[in-house]
Amino acid sequence: MNEIIKNIEAAQLKAEVPEFKTGDTVRVHALIKEGNRERVQIFEGTVLKKQGGSNRATFTVRKNSNGVGVEKTWPLHSPHVVKVEVIRCGKVRRAKLNYLRDRVGKAAKVKELVK
């Protein structure tokens, strides 16, 4: 039974998965369905966390919209996620940036990683 589930999950994986990590500022192009129309909506923010593995992997992005923090979680291999663009790489030392939720203004920013 376990081998059957692995084969089904392997068929659902995307061929190209974007390379990004926690702390990066990304632009997520998500497919939105409104009635019988489909359009691509862009959500830009900081990656708070990545979790899970294989086709269950998810990532959470947080942005500040009109003074209100908005977080969205997407499955990494979902067909609704068209593409993920990395705008800038962040310099962080943790896997999950939950502390950013309590911060406002400049304190909520992540330093840029300079290579």
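Two strands pair if DSSP finds at least two bridges between them. Keep that rule at hand for this tour of a predicted model.

**Stop 1: the whole chain**

Show the protein chain as a cartoon. Its secondary structure is one helix and five strands. Reading from the N terminus, the order is α-β-β-β-β-β. Switch to the C-alpha trace: along its principal axes the trace spans about 50 × 35 × 25 Å.

Now turn on a surface. The chain exposes about 8,200 Å², and carbon and sulfur atoms supply 50% of that area. Of the 115 residues, 28% are buried. Colour by charge next. There are 25 positive and 12 negative charges, and their mean positions lie 7 Å apart. For a contact map, take pairs at least 6 apart in sequence: 50% of those contacts join residues at least 24 apart.

**Stop 2: the sheet**

Hide the surface and select the strands. The five strands form an open sheet, ordered β4-β3-β2-β1-β5, with antiparallel pairing. Which strands sit at the edges? They are β4, residues 68-75, and β5, residues 81-88; each of them pairs on one side only. Look along the sheet for the twist, which averages 40° from one strand to the next. Display backbone hydrogen bonds too: strands of a sheet pair through them, either parallel or antiparallel.

**Stop 3: β1 against β5**

Select residues 25-34, which make up strand β1. Six bridges join β1 to β5, and the two run antiparallel. Pick histidine 29. Opposite this residue stands lysine 83 in β5.

**Stop 4: β2 against β3**

Select residues 37-51 for strand β2. Its antiparallel pairing with β3 runs over five bridges. Click on lysine 50, and look across to phenylalanine 59 in β3, which stands opposite.

Follow the chain round the hairpin of β2 and β3. Six residues lie between the strands. Glycine 52 in this hairpin takes a positive phi near 85°.

Now go to threonine 58, in strand β3. Is threonine 58 buried or exposed? It is buried, because its relative accessible area is 19% and the cut-off for buried is under 20%. Show its contacts, leaving aside neighbours within four places in sequence. Threonine 58 then touches Lys49, Lys50, Gln51, Thr73, Trp74, Pro75 and Leu76.

**Stop 5: β3 against β4**

Select residues 58-65, strand β3. How many bridges pair β3 with β4? There are eight, in the antiparallel sense. Two pairs are worth labelling. Valine 61 stands opposite lysine 72 in β4. Lysine 63 has valine 70 of β4 as its bridge partner.

Move to the turn. The hairpin of β3 and β4 has two residues between its strands. Select asparagine 66, found in the loop between β3 and β4. Check its backbone: phi is positive, about 55°, although asparagine 66 is not a glycine. Then check its accessibility. At 79% relative accessibility, asparagine 66 counts as exposed, because the cut-off for exposed is over 50%.

**Stop 6: glutamate 71**

Step along to glutamate 71, which lies in strand β4. Its relative accessible area is 31%, so glutamate 71 is partly exposed. That class covers the range between the 20% and 50% cut-offs.

Show its contacts, not counting residues up to four places away in sequence. Glutamate 71 touches Leu48, Thr60, Val61, Arg62 and Arg101. Next, draw a distance from its C-alpha atom to that of phenylalanine 43. These residues are 28 apart along the chain, and the two atoms are separated by 9.8 Å.

**Stop 7: proline 79**

Where is proline 79? Select the loop between β4 and β5 to find this residue. With a relative accessible area of 69%, proline 79 is exposed. Finish with one more C-alpha distance, from proline 79 to leucine 13. The two residues are 66 apart along the chain, and their C-alpha atoms are separated by 9.7 Å.

Key: Residues are numbered from 1 along each chain as its sequence is written. This is a predicted model: local features need pLDDT of at least 70, side-chain atom pairs count only at pLDDT 80 or more; totals for chains, interfaces and linings use all residues. Side-chain values use heavy atoms; hydrogens and water are left out. Helices (H or I, at least four residues) and strands (E, at least two) are DSSP runs, numbered from the N terminus. Buried means under 20% relative accessible area, exposed over 50%, partly exposed in between (1.4 Å probe, protein chains only). Contact means heavy atoms within 4.5 Å. Accessible areas come from the Shrake-Rupley method with a 1.4 Å probe; for residues, only the protein chains shown count as cover. Lys and Arg count as positive and Asp and Glu as negative; His and the chain ends are not counted. The place of a charge is taken as NZ of Lys, CZ of Arg, CG of Asp or CD of Glu. Axes are lines fitted to C-alpha atoms, for helices over the stretch in contact, and angles run from 0 to 180 degrees between N-to-C directions.
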